[in-house]
Amino acid sequence: SEVLNLRHRKKFRQLEQRFAPRVEIKIYDSEEHIHFLNTRLQRVVGKTSWWPIDICTKLLLSEILPLDLDKIIGLDGDTLVYTSLRELWNKLPAEGYALAATVRELHDIHNDYDHDDLDRLWGCADNGNRFQVFLRKKHLPIQASFCINAGMLIWDLCFLRQNQWLLQGSIDWLTRYEPPIPEQITINVIFRSHILPCGERWNTGNDYLPLKEQWRNIFSQPAKGISIIHYPGSLNKPWKLKPQKIIKQRWRKLISYLFLRPPTIWHKYRQESPWKHSLRERFRELFATPEDRKLFKPIFTGIAATLALMASVSLYYLGRFFFS
């Protein structure tokens, strides 16, 4: 955890002013908050693989946020919201539930997998099966029939404050078992009896959809009935699309991309953001990697050859005009 730098603070203020009074942005990154997180999670620091410790703050929102907040919707940074969240907001409070989330049923993996099989399965599994693989590898006697993805969570902060054992149990379990997807696996284990199921529309994982539908959600409006799309992991994200990926799936869209009119719905919202890319940054993004430059090399070679030919022809006729 670290304090947000001044450049990003300024951009958040610009964003707040642009949409005021409908939007109010508060930044919780003071030295006091950071000290609290480091103290509360000191046993977890360095024990959660490559995941930043900030991820684990999801488990401590009831202790970080002001007491006058009784519930909160938490969204990951790789989600896009397409509809009003009012219906989602009204799902809590509900008696006996600490949080609400999109629930996916699990199909039990085979009991006869050995350790090497589980390692291979982890590499190609989705988040639900990874949860099961983790339980199997740690020999945990937990019968999981469902799992949630932590990309969208509604927390009942009052319930959490009244049941401090859930928070402490989360930190203790996280420290003991060191799950590779820390907050998500911990929530699935510790809170499994206190999760209110939400519909699929509130956290539609693009990784669960057919490839054709994934690209539809990137290049055009999502299917009717989808409210939040989540682009987890290293899958195609609208803001990270590269020309070589586009040309493989939607070659006609490449023309749009080259002329700096990116073909994704997300870019429409980026134009309203203080973080939108300048023309120079856009070109840098186009040629950021060797793969990008390799894709455009024949195009530029052809353009250069054409210009050279046109210049030669022009010089030839100019020479004939002046010296004949």
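Student: What makes β3 and β6 a pair of strands, and in which sense do they run?

Tutor: Two strands count as paired if DSSP finds at least two bridges between them. β3 and β6 share 4 bridges, so the requirement of at least two is met. Their sense is parallel. Ala-101, for example, stands opposite Pro-197 in β6. The structure is a predicted model, in which local features need pLDDT of at least 70, side-chain atom pairs count only at pLDDT 80 or more, and totals for chains, interfaces and linings use all residues. Residues are numbered from 1 along each chain as its sequence is written, and side-chain values use heavy atoms, with hydrogens and water left out.

Student: Which other strands pair with β3, and how do you know?

Tutor: β3 is joined to strand β5 (residues 152-156) by 2 bridges and to strand β4 (residues 146-148) by 3 bridges. Both numbers satisfy the rule of at least two bridges. The sense is antiparallel with β5 and likewise antiparallel with β4. Leu-99 faces Trp-155 in β5, while Val-103 has Ile-148 in β4 as its bridge partner.

Student: Why is β3 described as largely enclosed?

Tutor: A residue is buried when its relative accessible area is under 20%, exposed when it is over 50%, and partly exposed in between (1.4 Å probe, protein chains only). In β3 (residues 99-105), 5 of the 7 residues are buried, so the strand is largely enclosed by the rest of the structure. Strands here, like helices, are DSSP runs numbered from the N terminus: a strand (E) has at least two residues, a helix (H or I) at least four. On that basis the protein chain has 15 helices and 8 strands.

Student: What makes β2 and β7 edge strands?

Tutor: An open sheet of 3 strands has the order β2-β8-β7, with mixed pairing. β2 (79-81) and β7 (204-205) each have a single partner strand, so one side of each is left without a neighbour in the sheet. The partner of β2 is β8 (residues 228-230), to which 3 bridges join it in the antiparallel sense. Within this pairing, Val-81 is matched with Ile-228.

Student: Why is the contact between Glu-16 and Arg-13 called a salt bridge?

Tutor: The term requires a side-chain nitrogen of Lys or Arg within 4 Å of a carboxyl oxygen of Asp or Glu. Here the N to O distance is 3.3 Å, so the pair qualifies. Glu-16 and Arg-13 are 3 residues apart in helix α1 (residues 6-19), about one helical turn. Glu-16 has a relative accessible area of 18% and is therefore buried, whereas Arg-13, at 34%, is partly exposed.

Student: What does the salt bridge between Glu-183 and Lys-58 tie together?

Tutor: The side chains of Glu-183 and Lys-58 meet at 3.2 Å, N to O. Glu-183 belongs to helix α9 (residues 182-190) and Lys-58 to the loop between α2 (31-40) and α3 (61-64), so the bridge ties together parts that are 125 residues apart in sequence. Both residues are buried. Together with Asp-76, they are linked in a network of salt bridges. As for α9, 9 of its 9 residues are buried, so the helix is largely enclosed by the rest of the structure.

Student: How many salt bridges are found in the whole structure?

Tutor: The search finds 5. One of them joins Glu-87 and Arg-201 at 3.2 Å, N to O. This pair links distant parts of the chain, with Glu-87 in helix α4 (residues 86-89) and Arg-201 in the loop between β6 (195-198) and β7, 114 residues apart. Glu-87 is partly exposed at 44% relative accessibility, as is Arg-201 at 29%.

Student: What makes Ile-299 and its companions a nonpolar patch?

Tutor: Patch residues must have over 30% relative accessible area and no salt bridge; like charges are joined within 9 Å, and nonpolar side chains (Val, Leu, Ile, Met, Phe, Trp, Tyr) within 5 Å. Ile-299 has 38% and is partly exposed, so its value passes the limit of over 30%. Ile-299, Phe-300, Ile-303, Leu-307 and Met-310 form the patch, with about 490 Å² of accessible area together. Such areas come from the Shrake-Rupley method with a 1.4 Å probe, and for residues only the protein chains shown count as cover. Ile-299 itself is found in helix α15 (residues 290-323).
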